[in-house]
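Visitor: I'd like to understand how the labels on a model like this are earned. Could you walk me through a few of them?

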Amino acid sequence: HKDFNRYNDPDNEEEAQEETGWKVVHTEVFRTPMHHELLSVYVGTGCQMLGMGAITLAFALFGFLSPANRGGLLTAVLLLFVLMGSYGGFTTARMAKMFHAQSWNTILMTGVFVPGQVFAVFFVLNLMLWAKQASNAVPFTTLFALVGLWFCVSIPLVFVGAIFGHKRPIIEHPLAVNAIPRAIPQQKWYLRPPVTVLLAGVIPFGAAFIELFFILSSLWLNKFYYVFGFLALVLVILTVTCAEISVVMVYFQLCYEDYEWW
């Protein structure tokens, strides 16, 4: 905050000198990223999962979903994920329109890319259970029903949401972008993406680690999970923590004149 006030002060002689840091890249921060299609897909899928989790948690808090009925909770999660496909398609379409890269292939990837990876892992694990003739293996008819929900309900809803998203006005950037990209200086080792991703993920993971332990225990160790109120509190703390960490990491990155923050 003090940095911005000092920069906007017209009587500050220090700022009248050559600009450095984030000040020289203010016309580069909204440049279209290299993999903007993939970014739009991930943002859309993330909004879809966030909506699914928020509604499921709200139903559990109000007592509509009993933890003792494991099948009911899992069914609600799957149905909400399928129905929230419209929200994911809407978000992806708005992101793609902002990048001036409207394509139905991007919308299709929203409904296929991340869910396909999750289904592939689940299918391989289920094949192992079939090979061991385990009693908790998912039947083939259930898998066929899941695929039917995926292709016949979720993906069409993604396209429906994308149609509404394309009709919305484009998201305008507050600053214009230079025609010629500015050269990014050589970054120090601790400012490179693999390191910053690890450093930025440690604190949010620590905020939700204890609750995540109990959730995974209820999934894999056949235990019941009842404290949905505490889970909602942890979710709020995790959201605030992720937002603050993101602001700090982006600010540090811009201070070193690296505008490829998204």
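Guide: Happily! Let's begin at the start of H5, where a side-chain oxygen of Ser103 comes within 3.2 Å of the backbone nitrogen of Asn105. Keep in mind that this is a predicted model.

Visitor: What makes the Ser103 and Asn105 pair a polar contact?

Guide: The oxygen of Ser103 lies within 3.2 Å of the nitrogen of Asn105, and the cut-off for such a pair is 3.5 Å, so the pair qualifies.

Visitor: How do you know what span to expect for helix H5?

Guide: H5 covers residues 104-131, 28 residues in total. The expected span is 1.5 Å times one less than the number of residues, which gives 40 Å for H5, and the helix reaches 39 Å from its first C-alpha to its last, close to that value.

Visitor: Where does H5 bend, and what follows the helix?

Guide: The bend is at Thr110 and amounts to about 35°. Thr110 is also among the buried residues of H5, as are Thr106 and Gly111. After H5 comes Gln133, with a positive phi near 55°.

Visitor: Why is Ser40 called buried?

Guide: Ser40, in helix H2 (residues 36-61), has 1% relative accessibility. Buried means under 20%, so Ser40 earns the label. Its contacts include Thr106 of H5, along with Met95 and Phe99.

Visitor: And why is His26 called partly exposed?

Guide: His26 sits in the loop between H1 and H2. Its relative accessible area is 33%, which falls between the 20% and 50% limits, so His26 is partly exposed. The C-alpha of His26 is 8.6 Å from that of Val177, though the two are 151 residues apart along the chain.

How values were computed
Residues are numbered from 1 along each chain as its sequence is written. This is a predicted model: local features need pLDDT of at least 70, side-chain atom pairs count only at pLDDT 80 or more; totals for chains, interfaces and linings use all residues. Side-chain values use heavy atoms; hydrogens and water are left out. Helices (H or I, at least four residues) and strands (E, at least two) are DSSP runs, numbered from the N terminus. Buried means under 20% relative accessible area, exposed over 50%, partly exposed in between (1.4 Å probe, protein chains only). Contact means heavy atoms within 4.5 Å. The bend at a residue is the angle between axes fitted to the seven residues ending there and the seven starting there. A polar contact is a pair of N or O atoms within 3.5 Å; within protein, one must be able to donate a hydrogen and the other to accept it, and residues adjacent in sequence count only if both atoms are side-chain atoms. Lists of a residue's contacts leave out its neighbours within four places in sequence.
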